[in-house]
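Visitor: I'm new to this one, so could you show me around and explain the terms as we go?

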Amino acid sequence: MSDGIQDKFKPAWSLQNWEAFDDVLYSALSHEHERQATGLELIASENYVSKRVLEACGSLFTNKYAEGYPGKRYYGGCTYYDQVEQYAIDLAKRLFDAQWANVQPHSGANANLAAYFALLEPGDTLMAMSLSHGGHLTHGSPVNLSGKWFKSVPYGLDVNHRIDFDQVRDRAKTHRPKLIVCGATCYPRTIDFEAFSSIAQEVDAVLMADIAHIAGLVAGKAHPSPLPHCDVVTTTTHKTLRGARGGLIMGCREDVGVKIRKAVFPGTQGGPLMHQVLGKAVCFKEALEPSFETYASQIIKNAKALAEGLMDRGFKVITDGTDNHLIWVSLLDRTTLDGREAESRLEEAGITVNKNTIPDDPRSAMITSGFRLGTAACTTRGMGESEMGAIADWIAQALSSESAEQLNRIRCEVKILCASFPIY
């Protein structure tokens, strides 16, 4: 590779101090930088944050405990932590048109746990999308706390792999859940929050939306908002929102907000990670810029182009396309290729994806019959629809050959493309 291209992959910050400090840590950091800079990140739940977010998350705001909430802390010296947290709250409310927001959850899983803790009692019934049809572990899976503490009733997809609202309504009427969750970890179509709200009202259930995957699309006005249809909304702040890794809870009902506040602290967490809260504030401010709407729109354009490209090359894309950032590919018709092998082969070619179960998958979750793609990260790098065609070609080539020479050739072509779209 020419020196000119290689120069584009140099770190945006010095790793010299790390090299002198510890060989193992320096090696991990430098190799991970190379992996991100020279490869295509197509995992739907991942993204690249801005330099400001990186600086915030590595800032001296990590040095302090700030248990409690702005103006009501259990430690002294929190004046500036109060300012930052309140500002993050205000920005989140503006961004999502919410009446209240809690920016302290450490993750999306923590946000969901706090919501359940606030709104349910152990043994209560919750209803959510089945894990085998695209739901999340925290939506009532029997291996998760949400499935151990609560009675979980799953709903799923119809024969076209769309949410089966007839089934949702029938099961809601039969089981009378106290809480219904709408949202998924793998669902490529628009979620009809209004339809869920109608069903929840019929059975007098609280409606919770988990928008961890689509929060950036909602913020960028590229996907309908769950507010005011849902009583409480949880999300992560990374993924399509492109911010610090963490969680967020918000809503429009003040009575629910009061319960959530107590459930986060002291109910399920101690001190907030204030460096992450600072990073969340940065990402909310960035998402309020007009350019973020352009970004959200381009994510979807790229996803549609990539889905079309894969289908044109003979791949089975579940639902025959996408409305959001996510593409769900089935390999069930390819008897010699499973999701684990596809993930491994693509990684050798410099393309990172994740193996993923398909609806009613006959294979285990560690092998799977499919894989999942997302376009948030490559869109952050500035790639557009034309690049999606090349990516679809590389995926098809890599998955049609086990040749190390072929995979290495693709990897070299991927590096050349990535050099034109540096991360930092």
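Guide: We'll take a few labels in turn and check what stands behind each, bearing in mind that this is a predicted model.

Visitor: Let's start with a helix. What makes the reach of α12 fit the span expected at 1.5 Å a residue?

Guide: Helix α12 covers residues 274–287, which is 14 residues. The expected span is 1.5 Å times one less than the number of residues, and for α12 that comes to 20 Å. From first C-alpha to last, α12 reaches 20 Å, close to what is expected.

Visitor: And how do you know that helix α17 agrees with the expected span?

Guide: Try the same check: α17 runs over residues 404–419, and its 16 residues should span 22 Å at 1.5 Å a residue. The end C-alpha atoms of α17 are 23 Å apart, so the two values agree.

Visitor: What is going on at the start of α17?

Guide: There, a side-chain oxygen of S403 comes to within 3.3 Å of the backbone nitrogen of E405. A polar contact needs a pair of N or O atoms within 3.5 Å, and this oxygen and nitrogen meet that distance limit.

Visitor: Which residues of α17 are buried?

Guide: Those are L407, I410, V414, K415, L417, C418 and A419. As for α12, 13 of its 14 residues are buried, and that helix is mostly covered.

Visitor: Why is S107 called partly exposed?

Guide: Buried means under 20% relative accessible area and exposed means over 50%, with partly exposed in between. S107 has 23%, so it gets the middle label. You'll find S107 in the loop between β4 (100–102) and α6 (108–119). S107 and S141 are 34 residues apart in sequence, with 18 Å between their C-alpha atoms in space.

Visitor: On to the sheet. Why do β11 and β14 count as its edges?

Guide: Four strands form this open sheet, in the order β11-β12-β15-β14, with antiparallel pairing. β11 (316–317) and β14 (354–355) each have a single partner strand, so one side of each is left without a neighbour in the sheet.

Visitor: How do you know that β11 and β12 pair?

Guide: Two strands pair if there are at least two bridges between them. β11 and β12 (residues 326–330) have two bridges, in the antiparallel sense, and V317 stands opposite V329 in β12. β14 and β15 are also joined by two bridges and run antiparallel; here K355 has F371 as its bridge partner in β15. Between β12 and β15 there are five bridges, again antiparallel, with W328 partnered by R372 in β15.

Visitor: What makes β15 largely enclosed?

Guide: Five of the five residues of β15 (residues 370–374) are buried, so the rest of the structure largely encloses this strand. Both faces are covered: G370, R372 and G374 are buried on one side, F371 and L373 on the other.

Visitor: Last stop, the empty spaces. How many cavities of 30 Å³ or more does the structure hold?

Guide: Two. The largest cavity has about 70 Å³ of space. Its lining has 14 residues, and A184, Y187, I191, H213 and I214 lie nearest its centre. By class, that lining has eight nonpolar, four polar and two charged residues.

Visitor: What is the volume of the second largest cavity?

Guide: About 30 Å³. Residues lining the second largest cavity include V103, P105, R245, L273 and K280. Its lining divides into four nonpolar, four polar and two charged residues.

Definitions and conventions. Residues are numbered from 1 along each chain as its sequence is written. This is a predicted model: local features need pLDDT of at least 70, side-chain atom pairs count only at pLDDT 80 or more; totals for chains, interfaces and linings use all residues. Side-chain values use heavy atoms; hydrogens and water are left out. Buried means under 20% relative accessible area, exposed over 50%, partly exposed in between (1.4 Å probe, protein chains only). A polar contact is a pair of N or O atoms within 3.5 Å; within protein, one must be able to donate a hydrogen and the other to accept it, and residues adjacent in sequence count only if both atoms are side-chain atoms. On a 1 Å grid over the protein atoms alone, a cavity is a set of points where a 1.4 Å probe fits but cannot get out, and a pocket is an open set with protein on both sides within 12 Å along at least five of seven lines; lining residues have an atom within 4 Å of a point. Grid points are joined across faces, edges and corners, and a volume is the space filled by probe spheres set on the points. Ala, Val, Leu, Ile, Met, Phe, Trp, Tyr, Cys and Pro count as nonpolar, Asp, Glu, Lys and Arg as charged, and the others, Gly among them, as polar.
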